[in-house]
Amino acid sequence: MSDVPTQGASVQFLGAAGTVTGSMHLVRAGDRRVLLDSGLFQGLKELRSRNRTTRVADPGALDAVVLSHAHIDHTGYLPALVRQGFLGPVYCTSATAELLRVMLPDSARLQEEEAERANRHGYSKHRPALPLYTVRDADAALRLLRECPTGEPFSVTDGIGATFRRAGHILGAASVELELSAERTRKLVFSGDLGRWGRPVLHDPELVPEADVLLLESTYGDRAHATNGEAELERIVNQAASRGGALLIPAFAVGRAQELIWWLDRLERSGRIPSLPLYIDSPMAIDVTDIYTGHLEDLDTELRPRAGTGGHLLGTKQCTLARTAAESKRLNEIEGPVIIIAASGMVTGGRILHHLSVRLPDPRTTVLLVGFQADGTRGRALREGARTVRIFGRDVAVGAAVETLDALSAHADREELLRWLGGFQRPPRRTYLVHGEPPAAASLAEAIRARFGWTVAVAQDRETVEV
């Protein structure tokens with residue numbers, strides 16, 4: 001960890017450095033301290049254990065938090081931060097604020113339910129098992145939200161201003177430009193999670209003209225997404241239907257679920273897949289889809305006409321919304337073929353676990369993984385061919401067929417990240433790669449040097465660098 005002058009400007013990587021989760025970067029400008037993101041660690045146990053710590057010194061003295069988007073690995077530590085004494089403003093886009101009003105209480109409820117279940121069945125090493133935070137903590141965090149429009153500068157605190165630009169990753173996602181005034185004015189740009197060009201539902205990512213220091217995500221920095229995602233989804237659905245079982249799709253309730261529904265509807269309308277019963281087993285995904293309707297400014301022009309039809313913005317002919325726990329449990333009694341979309345996307349929690357615990361041993365079942373699966377998650381284990389996975393304290397055999405489909409990822413791949421970098425009119429003095437596992441970040445760093453000749457480094461956990 002390098003020493004940085006108190007009166008200068010710096011950023012310290014407190015999460016999403018060497019991993020894709022736990023996004024948190026502490027920005028200092030003079031005597032002001034601001035967090036970029038406040039995300040939960042997911043995956044490996046040694047990472048998750050850090051959620052139980054005070055990750056930033058003296059949270060009550062922080063001036064503000066600025067959020068790039070609503071995903072829990074970027075926002076889910078916020079209630080814990082509030083519980084530790086943070087009372088400052090939390091700046092985000094309007095859509096992000098609306099999503100968080102659904103997501104943070106849901107995250108807290110899941111943690112409360114998991115703690116209660118662990119205590120009831122005795123599979124936790126802690127006596128008693130306690131949630132990281134409660135719904136009450138989440139509600140307290142929500143009261144701190146301050147909504148800011150994209151494209152318009154706003155003041156974060158004395159000496160720090162910010163501007164949001166659309167990132168195209170999920171509804172409300174933004175890249176963050178910070179103007180830091182300490183001794184001299186410098187511009188720190190945080191890409192956030194970048195989306196993709198030419199995708200349904202949302203706008204393309206907006207370009208950023210300049211930065212002194214750039215923090216760039218590198219989730220898929222070592223690969224290109226397949227271009228045949230629609231055809232692959234068609235194949236997987238048809239094969240799952242022929243098996244006569246359930247097609248289980250773990251999906252993030254925000255972004256991934258909505259795009260999946262859009263693609264399934266498109267394939268069904270064109271007659272390329274049969275019309276199957278589709279269950280959206282996620283109250284959050286249902287609420288989030290409704291939120292999309294209220295943010296036409298963020299929607300792709302192809303989707304906007306459907307927003308005013310009075311029906312569901314996204315759906316198929318046999319689409320059913322399962323809101324209650326009782327409705328979710330009844331899905332386990334349904335014979336296939338059937339499609340069930342449920343959170344969470346990396347199989348770390350949520351209703352998908354209940355469906356997997358029942359259907360995973362059945363060889364008629366198909367599990368479709370449609371996004372990045374972080375190291376240490378059940379999704380990664382399934383992707384790598386695990387024959388058993390541990391769910392609710394017991395080992396569940398994997399008899400199901402497991403498919404992966406990265407082509408539908410909401411993250412930019414390496415070429416798309418380089419395309420976004422090509423929009424800079426003045427190259428950053430230094431670029432740091434965050435939000436990526438080491439092989440992906442190292443590969444992207446080499447690609448940036450080769451393409452642009454920029455000075456680029458992979459961010460190191462807890463490292464502090466000058467801006």
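A polar contact is a pair of N or O atoms within 3.5 Å, where within protein one atom must be able to donate a hydrogen and the other to accept it, and where residues adjacent in sequence count only if both atoms are side-chain atoms. The model is predicted, so local features need pLDDT of at least 70 and side-chain atom pairs count only at pLDDT 80 or more, whereas totals for chains, interfaces and linings use all residues. Residues are numbered from 1 along each chain as its sequence is written, and side-chain values use heavy atoms, with hydrogens and water left out.

**Exercise 1. Describe the surroundings of Gln 84.**

Step 1. Place the residue: Gln 84 lies in the loop between α3 (78–83) and β5 (90–92), where helices (H or I, at least four residues) and strands (E, at least two) are DSSP runs numbered from the N terminus.

Step 2. Judge its exposure: with a relative accessible area of 28%, Gln 84 is partly exposed, a class that falls between buried (under 20%) and exposed (over 50%), computed with a 1.4 Å probe and protein chains only.

Step 3. List its partners: apart from residues up to four places away in sequence, Gln 84 touches Thr 53, Thr 54, Pro 59 and Tyr 77, contact meaning heavy atoms within 4.5 Å. With Tyr 77 there is also a side-chain polar contact of 2.8 Å.

Step 4. Compare sequence with space: Val 56 is 28 residues from Gln 84 in sequence, and their C-alpha atoms are 9.9 Å apart.

**Exercise 2. Is Thr 366 buried or exposed, and which side chain does it join in a polar contact?**

Step 1. Thr 366 belongs to strand β16 (residues 366–369), and it counts as buried because its relative accessible area is 1%.

Step 2. The side chain of Thr 366 makes a polar contact of 2.7 Å with that of Arg 243.

Step 3. Beyond its neighbours within four places in sequence, the contacts of Thr 366 include Ile 236, Ala 240, Ala 246, Leu 247 and Leu 248, as well as Ala 401 and Glu 403.

**Exercise 3. Which backbone angles deserve a second look in the loops on either side of β15?**

Step 1. Begin with the general expectation: most residues other than glycine have a negative phi, and most peptide bonds are trans.

Step 2. In the loop between α10 (325–330) and β15 (338–342) sits Pro 337, and the peptide bond leading to Pro 337 from Gly 336 is cis, with omega near 0°.

Step 3. In the loop between β15 and α11 (352–359) sits Ser 344, and the bond from Ala 343 to Ser 344 is likewise cis, with omega near 15°.

Step 4. Val 347 is also in the loop between β15 and α11; its phi is positive, about 60°, although it is not a glycine, and at 0% relative accessibility Val 347 is buried.

**Exercise 4. Where is Ala 16 found, and what is its phi?**

Step 1. Ala 16 is in the loop between β1 (9–15) and β2 (24–29).

Step 2. Its phi is near 55°, a positive value in a residue other than glycine, and Ala 16 is buried at 1% relative accessible area.

**Exercise 5. How many helices and strands does the chain have, and what fraction of its residues is buried?**

Step 1. The chain has 14 helices and 22 strands.

Step 2. Of its 467 residues, 60% count as buried.

Step 3. Among contacts with a separation of 6 or more, 74% link residues 24 or more positions apart.
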